[in-house]
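Got the viewer open? Keep the selection box handy, and we'll walk through the model one stop at a time.

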Amino acid sequence: MAMNRPTRLQLATFGVVCCVFVALRAAGYRIVRVHLPRQSAARIQPVSAKKRTPVEARRAGAPFLVSPGDRVGDGTPDFLRLDDAADREAFRGWFALIAEFQALRPSHDVPPEIKDDSALLRFSYRYALRAHDQAWVDETGIDADSGPAAVKKYRYPFTPLGAALFRIKIGPLGPDDLRSGAFAELVDGKTLKEFNTFFVSRHTRDARPGDILFYRQLEQNKQFPSMIYVGESWWLQHAPGDWTTSVIVYHTGQPGLAGKGMRRVTLAELLNHPSPRWRPVAGNPNFLGVYRWNVLRGAD
């Protein structure tokens, strides 16, 4: 049966409305009725960001629910800083424990992503902030009960920045930095040194577990190699002695069989390294000094 013109227009309008409604729903909006004193009307509003995880909210462009402060002025948001002393000690302990474990396990068991010193830093950092549940134990091979307490402030990757925890932009935190790509998940050694850690000392006596020894080696492809100061071993009986018995771990950047990747030495061995450019002493121009993560800054 043929339809008259008004009927066709009504059906066409209805079809357009249905398409718009479906598109809005797909974009995360919903239709709600707003009751006014003398009338009711429909309006469109986004689904509450509170129902999303932090990562989902970030991907959807939802507003951050935290204040992007930067009291130190180093570009690290205050919501990432570990203000509680127990959290700081937990982070240091887990970071050092995880890094040392990679140097003690068989080379074929070291996670494939740990291909160089920067990857070792990123891996140990992320896994120190993760929930140490059974899935974490199965993935890392580390018994969580043997480690320190957990960091309580947040869990990776459920942070206001998602998985992109490392700053890649110079200067203090800006109003648009949380959205403008000022943070990333994969960064190199120079970026970690310049924007995510701060200088502590040129003397290894001042190092604490979880600190980083940075170098500048112009002769190599990687110009800012790094080593992790573990201090007293979490895994093996620590030999009695002075501060030079502290454990240092690092990755040579040479993947392959045992001995070509992860290394574990004492500070005394490093101080007497056959090549002077690797000795962590103030008189070595290649040794940049002891550095500490920005999330620990401003508290101690």
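Start in the loop between α5 (134-140) and β3 (166-167), where you'll find proline 157. Helices (H or I, at least four residues) and strands (E, at least two) are DSSP runs here, numbered from the N terminus. Show the backbone of tyrosine 156 and proline 157: the peptide bond from the one to the other is cis, with omega near 0°.

A quick word on ground rules before moving on. This is a predicted model, so local features need pLDDT of at least 70 and side-chain atom pairs count only at pLDDT 80 or more, while totals for chains, interfaces and linings use all residues. Residues are numbered from 1 along each chain as its sequence is written, and side-chain values use heavy atoms, with hydrogens and water left out.

**Helix α3**

Select residues 85-104, which is helix α3. Put a distance between its end C-alpha atoms and you should get 29 Å; the 20 residues at 1.5 Å each should span 28 Å, so the two agree. (The expected span is 1.5 Å times one less than the number of residues.) Colour by accessibility next: 16 of the 20 residues are buried, so α3 is largely enclosed by the rest of the structure. Buried means under 20% relative accessible area, exposed over 50%, and partly exposed in between, using a 1.4 Å probe and protein chains only.

Now zoom to the start of α3. A side-chain oxygen of aspartate 84 comes within 3.0 Å of the backbone nitrogen of alanine 86. For polar contacts, the rule is a pair of N or O atoms within 3.5 Å; within protein, one must be able to donate a hydrogen and the other to accept it, and residues adjacent in sequence count only if both atoms are side-chain atoms.

**Helix α4**

Next, select 117-129 for α4. How many of its 13 residues are buried? The count is 13 of 13, so to speak a mostly covered helix. Its end C-alpha atoms are 19 Å apart, and 13 residues at 1.5 Å each should span 18 Å, which agrees. At the N-terminal end, aspartate 116 acts as a cap, with a side-chain oxygen 3.3 Å from the backbone nitrogen of serine 118.

Stay in α4 and pick serine 124. Serine 124 has a relative accessible area of 0%, so it is buried. Measure across to leucine 97: the C-alpha atoms are 8.5 Å apart, with the two positions 27 residues apart in sequence numbering.

**The nonpolar core**

Which residues have the most contacts inside the largest nonpolar core? Select Phe91, Ile98, Tyr125, Trp293 and Val295, out of 50 residues in that core. A nonpolar core is a set of buried Ala, Val, Leu, Ile, Met, Phe, Trp, Tyr and Cys residues joined through side-chain atoms within 4.5 Å. Among the elements giving two or more residues to this core are α3, α4, β7 (226-231) and β10 (287-293). The largest share, ten residues, comes from α3.

**The cavity**

Turn on a cavity display. One cavity of 30 Å³ or more turns up, and the largest has a volume of about 90 Å³. Closest to its centre, out of 13 lining residues, are Thr76, Tyr125, Leu165, Asn196 and Val295. On a 1 Å grid over the protein atoms alone, a cavity is a set of points where a 1.4 Å probe fits but cannot get out, and lining residues have an atom within 4 Å of a point. Grid points are joined across faces, edges and corners, and the volume is the space filled by probe spheres set on the points.

**Strands β5 and β10**

Jump to threonine 197 in strand β5 (residues 197-201). Threonine 197 counts as buried at 6% relative accessibility, and a polar atom of its side chain lies 3.0 Å from the backbone oxygen of lysine 193. Then add arginine 292, in strand β10. The C-alpha atoms of arginine 292 and threonine 197 are separated by 5.2 Å, though the residues are 95 apart along the chain.

**Last stop: a loop glycine**

Finish at glycine 73, in the loop between α2 (54-59) and α3. Is glycine 73 buried or partly exposed? Its relative accessible area is 35%, so glycine 73 is partly exposed. Its C-alpha atom sits 4.6 Å from that of proline 172, 99 residues away along the chain.

Terms used: On a 1 Å grid over the protein atoms alone, a cavity is a set of points where a 1.4 Å probe fits but cannot get out, and a pocket is an open set with protein on both sides within 12 Å along at least five of seven lines; lining residues have an atom within 4 Å of a point.
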